[in-house]
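Hi everyone, thanks for coming. I'd like to walk you through one structure today, so please have a look at it while I talk.

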Amino acid sequence: MTRSAIDRVFDDPGWQRLLAAARRKLETNSGALDGAIGLRAPTEAERRVVIGITGRHRPVDVKAVRVDLAELDQAVRDACGSGLVEVLVQQGGPLRDRQAERAKESRTRADLLTQAHALCPRHTDEPWFNAWLDGLVDDGTITRLIRSGEADELVSAAQVLDRLPAFDLPLPVLAELATGNTKALSGTRAAGLVLRALALRDDVLAPTSRAQARVRWEAAGVIVDDLASQVLVLNVRATADHVVANWLHDAADAGIPFRLTLHQLSLAQLSPNAATIHVCENPAVLRAAAGQLGASSAPLVCTEGQPSAACHALLTAATGQIYWRGDFDWTGLRTTATAMTRYHSLPWRMTSTDYRTALEAGDSEPLKGPPAPSPWEPRLAELMTRHRQAIMEERLIPMLLDDLSSE
């Protein structure tokens, strides 16, 4: 066998696709010269080569051709002096044993799943945790991690999840505690895996932006950026001898909405000075209160969706009664129930009567996602299930402003 003879075969346009197909076939059957390979829409050069190999005529308009591997092996021997497998190895490197690779991947995948459960005993029996792992298997994520040599990223993710939820824990500190590396959650695959799990836990879509990722981290008690974490307030005053408290007083005197950062709250150690605090979900409600009631509005806090770490810090420090409401959708029911536990709040305009009144006011959008209970009034969730309509908070603005003006 000479190198020039092999090169002539591999450089011949009539042979190239046949040899490539032969390599793929041999790599899937552990190198056995069994079965056949086929080519669709063969070129004229390929047709002629196949005729020469098989000794059987193929018409010019043939749609596909097939060649037994044994026949191809003999043709390669006649052309190069060595067998098909030897020639393929010399020209393109060792043949892969894909069956063995798949078996090894399967064992590695099973070991990783076992390890993930072992490293996260805190959540191993929870449905969202198992749905997370199942999803990583089903969409091939774990296989890709194994093939790219990043299987340890799943290990790190499981270690991080076992420490969540936390309580105002900085992201680098969480990474250090869980993995020994402060950078382990800084834009890494592990961070993406954790965020995907937290989205399942919170029954929301996986984050696709830095802002959405921050919300998921904060919902798990992790602080990504104490300057980016904010809470919108109106007429909230604080008991503290600090510049931030002075800013709040000035804003409340003027009836102007004000944004507090978690950094400011941490510096000032603010405690809201109010007998009652109302909490809404949508900024439109707070904007309407500022525009129509101004400084006469009762203290109002807006979560702007999922409560931020700044919102949690502010409300945790409150000593007055908190009245909470959200949209009449399943997420609104969940956040209200959570707030009742977390802040000992009371529902605000979150009754079946309020829902029915808002429903009668006009068209609404369909309810989406899995249902949630309303433990403060089970009939509310039942009514929403029956009507299958979500009511956004904006529709209740007149009633909400009446409540805020009567405080």
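I'll go through a sheet, the helices on it, two pockets and a few local details. One thing to keep in mind from the start: this is a predicted model.

Let's begin with the sheet. It is an open one with six strands, and the pairing is mixed. Reading across, the order is β6-β5-β8-β7-β9-β10. Which strands stand at the edges? They are β6, residues 258-261, and β10, residues 346-347. Each of these has a single partner strand, so one of its sides is left without a neighbour in the sheet.

Let me stay with β10 for a moment. Strand β9, residues 321-324, runs parallel to β10, and two bridges join them. If you'd like to find the spot on your screen, look for W324, whose bridge partner in β10 is P347.

Now for the helices that pack here. Helix α17 covers residues 330-343 and packs on the sheet, where it touches β9 and β10. Its direction makes about 170° with that of β9. Then there is helix α15, residues 283-292, which lies across β5, β7 and β8. The angle between α15 and β5 is about 30°.

Please remember α17, as we'll meet this helix again in the pockets. The largest pocket holds about 590 Å³ of space. It is lined by 25 residues, and those closest to the centre are R201, D202, A219, Q306 and T338. Which elements give two or more residues to this lining? They are α11, α12, α16 and α17. The largest share comes from α17, with seven residues. By class, the lining has 11 nonpolar, seven polar and seven charged residues.

On to the second largest pocket, with about 430 Å³ of space. Here 19 residues form the lining, and D329, W330, T331, E365 and K368 lie nearest the centre. At least two lining residues come from each of α17 and β11, the latter being residues 365-366. Again α17 gives the most, this time four residues. The classes here are seven nonpolar, five polar and seven charged.

Let's turn to charges. Side chains of opposite charge can pair when their charged atoms come close. How many salt bridges does the structure hold? The count is 19. As an example, take R23 and E27, whose closest N and O atoms are 3.5 Å apart. Both sit in helix α2, residues 13-28, and because they are four residues apart there, about one helical turn separates them.

I'll finish with two backbone details, both in loops. After α2, on the way to β1, the loop contains S30. Phi of S30 is near 60°, which is a positive value in a residue other than glycine. Further along, the peptide bond from L164 to P165 is cis, with omega near 0°. You'll find P165 in the loop between α9, residues 151-161, and β3, residues 169-170.

If you take one thing back to your desk, let it be α17: this helix packs on the sheet, and it gives the most residues to the lining of the largest pocket and of the second largest pocket. Thanks for listening!

Definitions and conventions
Residues are numbered from 1 along each chain as its sequence is written. This is a predicted model: local features need pLDDT of at least 70, side-chain atom pairs count only at pLDDT 80 or more; totals for chains, interfaces and linings use all residues. Side-chain values use heavy atoms; hydrogens and water are left out. Two strands pair if DSSP finds at least two bridges between them. Contact means heavy atoms within 4.5 Å. Axes are lines fitted to C-alpha atoms, for helices over the stretch in contact, and angles run from 0 to 180 degrees between N-to-C directions. On a 1 Å grid over the protein atoms alone, a cavity is a set of points where a 1.4 Å probe fits but cannot get out, and a pocket is an open set with protein on both sides within 12 Å along at least five of seven lines; lining residues have an atom within 4 Å of a point. Grid points are joined across faces, edges and corners, and a volume is the space filled by probe spheres set on the points. Ala, Val, Leu, Ile, Met, Phe, Trp, Tyr, Cys and Pro count as nonpolar, Asp, Glu, Lys and Arg as charged, and the others, Gly among them, as polar. A salt bridge is a side-chain nitrogen of Lys or Arg within 4 Å of a carboxyl oxygen of Asp or Glu.
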